[in-house]
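Trainee: Could we go through this structure together, and could you show me how each label is earned?
Mentor: Gladly; ask about any label, and we shall set each value against its rule.

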Amino acid sequence: MSASGERNDAPAASSGEDVAFKSGFAAVLGRPNVGKSTLVNCLLGRKLSITSRRPQTTRHRILGIKTTPTHQVVYVDTPGIHRAAGTALNRYMNRAAVSALDGGDVVVFVVEATRWREDDERVLRRIHDTRSPVIIAISKVDRVRDKSLLLPFIAEVSRRTGCDEVIPLSARRRINTDLLETRIVDLLPVGAALFPDDQWSDRNELFMSAELIREQLTERLNQELPYRLSVEIERFSDAVDPVRVAAVVWVERRSHKPIVVGREGGTLKSAGTRARREIQSMLGRRVHLDLWVKVKTGWSDDEQALMRMGYAD
Ligand SMILES: Nc1nc2c(ncn2[C@@H]2O[C@H](COP(=O)(O)OP(=O)(O)O)[C@@H](O)[C@H]2O)c(=O)[nH]1
Ligand SMILES: [Mg+2]
């Protein structure tokens with residue numbers, strides 16, 4: 001969905017006569033692995049996006065909606081902007097990220113403490129022309145042992161970006177995340193809610209289930225394998241108890257299949273068990289999960305295959 005969606009007629013909750021309701025999109029951008037998804041989950045107070053220690057875990061633009069009596073913030077989590085070279089999937093991911101700038105009322109540029117990298121420069125070039133206000137979030141400050149490094153880094157980031165709104169924070173430890181939310185809300189325009197107040201994402205339970213399965217596989221696999229698999233839900237029956245979910249794990253090469261399955265099926269089994277629990281807690285219902293591994297040669301560089309697998313603009 002486009003970040004510049006039409007405003008709907010959802011009634012705007014109001015907390016007082018003279019407080020105008022505010023609403024809008026906050027696009028969260030940055031290079032891969034800086035903690036964008038962890039930050040969005042923290043701001044939302046629930047798990048919207050999967051996260052991992054590996055770069056390029058988030059593949060889509062995903063909306064997370066937080067509605068309070070005074071405002072509605074639509075957070076836009078994005079794939080990390082990375083070097084344009086690569087597969088069709090890489091190009092799709094970059095497009096998905098950059099497109100979040102259209103219609104973003106506020107841009108949150110996430111930079112990891114305490115080193116500015118060439119990849120951050122690449123992101124900066126992308127957001128340079130945006131007319132929306134930009135807040136820079138310096139992420140993972142809990143990892144900075146020597147706190148005296150922080151002030152010079154904030155100054156450096158401010159100088160490089162020309163942006164004076166820089167907030168050092170930690171999503172993991174919830175340091176300064178309330179401050180970031182307050183500043184985002186300050187910058188939102190006055191306006192009615194964009195989504196019904198009981199909606200918290202633009203994604204459905206099928207999408208979320210596939211992501212939760214991919215998260216567990218990403219955690220267990222090495223080298224290029226996490227980037228070479230995709231999960232597709234083939235069946236999702238919630239009219240029965242337990243809910244029955246059947247999913248295919250697509251891999252790119254025959255040789256990948258036994259690795260994903262693991263010795264005596266161990267890798268697939270442990271990923272499946274853990275993902276099933278995660279899906280259960282998302283749905284609040286018991287779940288039966290079946291997983292199969294299938295080969296679709298070269299899917300990540302095949303535009304047609306990508307479209308069919310849901311990587312469509
Ligand atoms: N120590 C620490 N680690 C973090 C923090 N935020 C994210 N991480 C870790 O950084 C890695 C990448 O996070 P993720 O949210 O997937 O990054 P993304 O690719 O930018 O969405 C994961 O291993 C996270 O657990 C933080 O505030 N502190
Ligand atoms: Mg992410």
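The conversation below deals with aromatic rings, burial, a metal site and strands.

Mentor: Before we start, note that this is a predicted model, in which local features need pLDDT of at least 70 and side-chain atom pairs count only at pLDDT 80 or more, while totals for chains, interfaces and linings use all residues. Residues are numbered from 1 along each chain as its sequence is written, chains are lettered from A and ligands numbered from 1 in the order in which they are written, and side-chain values use heavy atoms, with hydrogens and water left out.

Trainee: Why is the pair of Y92 and Y311 called edge-to-face?
Mentor: Rings of Phe, Tyr and Trp (its six-membered ring) pair if their centres lie within 6.5 Å, and planes under 30 degrees apart count as stacked, over 60 as edge-to-face and the rest as tilted. By this rule there are three aromatic pairs. In the pair of Y92 and Y311 the centres are 5.7 Å apart and the planes stand at 85 degrees, so the pair is edge-to-face. Y92 is in helix α2 (residues 88-99) and Y311 in the segment after α9 (303-308), 219 residues apart; helices here are DSSP runs of H or I with at least four residues, strands are runs of E with at least two, and both are numbered from the N terminus.

Trainee: What makes the pair of W299 and Y311 stacked?
Mentor: Their ring centres are 6.0 Å apart and their planes are at 20 degrees, so this pair is stacked. Y92, W299 and Y311 form one aromatic cluster.

Trainee: How do you know that W299 is buried?
Mentor: Buried means under 20% relative accessible area, exposed over 50%, and partly exposed in between (1.4 Å probe, protein chains only). W299 has a relative accessible area of 0%, so W299 is buried, and Y311, at 6%, counts as buried too.

Trainee: What makes S37 and T58 donors to the magnesium ion (ligand 2)?
Mentor: Donors are N, O and S atoms within 2.8 Å of the metal (3.2 Å for Na, K and Ca), and water is not among the atoms, so sites may look incomplete. S37 (OG) and T58 (OG1) coordinate the ion at 2.0 to 2.1 Å. S37 counts as buried at 7% relative accessibility, and T58 does at 9%.

Trainee: Why are strands β7 and β8 said to pair?
Mentor: Two strands pair if DSSP finds at least two bridges between them. β7 (residues 229-237) and β8 (residues 243-251) pair in the antiparallel sense over eight bridges, and they form a hairpin with five residues between them.
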